[in-house]
Amino acid sequence: MSRVMIITGAGRGIGAAIARLAASRGYAVCVNYASNAAAATEVVAEIERSGGKAIAVQADVASSEACTRLFAEVDQRLGRVDVLVNNAGLVSRQCRADSITPDVIERMFAVNVFGTFYCTREAIKRMSTRHGGPGGVVIQISSAAARHGGLPEETHYAASKGAIDSMVAGLAKEVGGEGVRVVSVRPGLITTTLHEVHGGEAMIRRVAPSIPLGRPGTPEEIAETVIWLASGAASYIHGTTIDVTGGR
Ligand code: NAP
């Protein structure tokens, strides 16, 4: 039976690259998405055309109930979960901390932080030996913003990712003895549609010279790291964060 990987927010960008690479390495994958069914369906179709196995499941990870339903559907259709990649996330319009409003910060934390907790809860209930599970790996997609504070006027985004890194440190102690390995990956500036709300390609061109490697990263470069972390080759990497940032 194939190992099963759930990737939240996998219809586009980094999540889609992780789903494609995971499928090419033999995982059956669940491509979760929020609203863009066409993009998620296309990722699934691409995987199937290459001989892989994938399903698309809609769930807004900000909803605890939706996360419960997402995992129940995976139980039913794929039979198990070995790896969870909490990738779904968003940036919002730029907003200084002295102008922050509930709509901006509440939605950001609901998706980036609460969603990560809800999906992690469901994964641990299935993976942890404490619950009779066989073990597994949980990989959180954080951001270099957690370390350097983010782009201008995005302190709220940086803080949401800082919460993820703290979560990994705590969670590693809770579940490390129960067969569950937990790691976070901190991408730097990666070329995806995420940046459309705060300057898109023009912003990427402006920031790129400040990256020691002189260019933004690709979703595929993040995917390579995630697949390695999910594998037995990374069996002693736990409770820590890995920067994939081109040096920034
Ligand atoms: P993206 O291109 O905007 O894609 C985001 C994906 O997440 C989409 O598939 C979207 O679904 C999904 N999504 C958004 N909100 C969701 C929700 N509430 N529930 C379920 N799915 C949801 O973003 P990306 O650049 O690939 O970013 C992926 C992750 O990497 C995020 O956590 C982001 O913070 C992190 N990251 C990105 C960068 C970067 O430079 N790109 C840097 C550091 C960290 P729909 O397609 O249905 O809308």
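## A tour from helix α2 to the ligand

Start by selecting Ala 45, which has its place in helix α2, residues 37–49. Keep in mind as you click around that this is a predicted model.

Is Ala 45 buried, partly exposed or exposed? Its relative accessibility is 21%, so Ala 45 counts as partly exposed. That call rests on a cut-off: buried means under 20% relative accessible area.

Now add Asn 112 to your selection and draw a distance between the two C-alpha atoms. You should get 27 Å between Ala 45 and Asn 112, and along the sequence these two are 67 residues apart.

**Next stop: two loops**

Jump to Glu 153, found in the loop between α5 (145–148) and α6. Check its backbone angles: phi of Glu 153 is near 65°, which is a positive value in a residue other than glycine. Turn on the surface too, and you'll find Glu 153 partly exposed, because its relative accessible area is 39%.

Then select Gly 133, in the loop between α4 and β5 (136–141). With 13% relative accessibility, Gly 133 counts as buried. Now pick Gly 179 as well. How far apart are the C-alpha atoms of Gly 133 and Gly 179? The separation is 8.5 Å, although the two glycines are 46 residues apart along the chain.

**Last stop: the ligand**

Select the ligand and zoom in. You're looking into the largest pocket, since that's where the ligand sits. Show the residues around the ligand and you'll have 32 of them, with Ser 35, Asn 36, Tyr 157, Thr 192 and His 195 coming nearest.

Colour this shell by residue type: 14 of its residues are nonpolar, 14 are polar and 4 are charged. Switch to the cartoon to see where some of them come from. Helices α1 (13–24), α4 (102–127) and α6 (155–175) each supply at least two residues of the shell, and so does strand β2 (28–33).

Now try some close-ups, looking at oxygen atoms of the ligand:

- Thr 192: an N or O atom in its side chain is 2.4 Å from a ligand oxygen.
- Ser 35: here a backbone N or O atom lies 2.7 Å from an oxygen atom of the ligand.
- Thr 193: a polar side-chain atom lies 3.0 Å from an oxygen atom of the ligand.

Finish by showing the protein surface around the ligand. On its own, the ligand has 900 Å² of accessible area, and the protein covers 95% of that.

Technical notes. Residues numbered from 1 in each chain as written. Predicted model: local features only at pLDDT ≥ 70, side-chain atom pairs only at ≥ 80, totals over all residues. Heavy atoms only, no water. Near = heavy atom within 4 Å. Polar contact = N/O pair within 3.5 Å; in protein donor to acceptor, adjacent residues only side chain to side chain. Areas by Shrake-Rupley, 256 points an atom, 1.4 Å probe, with all protein chains shown as cover. 1 Å grid on protein atoms, 1.4 Å probe; cavity = no way out; pocket = protein on both sides within 12 Å on 5 of 7 lines; lining within 4 Å. Sits in = over half its atoms within 2 Å of the grid points. Helix = DSSP H or I, 4+ residues; strand = E, 2+ residues; numbered from the N terminus. Nonpolar A, V, L, I, M, F, W, Y, C, P; charged D, E, K, R; others polar. Buried < 20%, exposed > 50% of the residue type's maximum accessible area, 1.4 Å probe, protein only.
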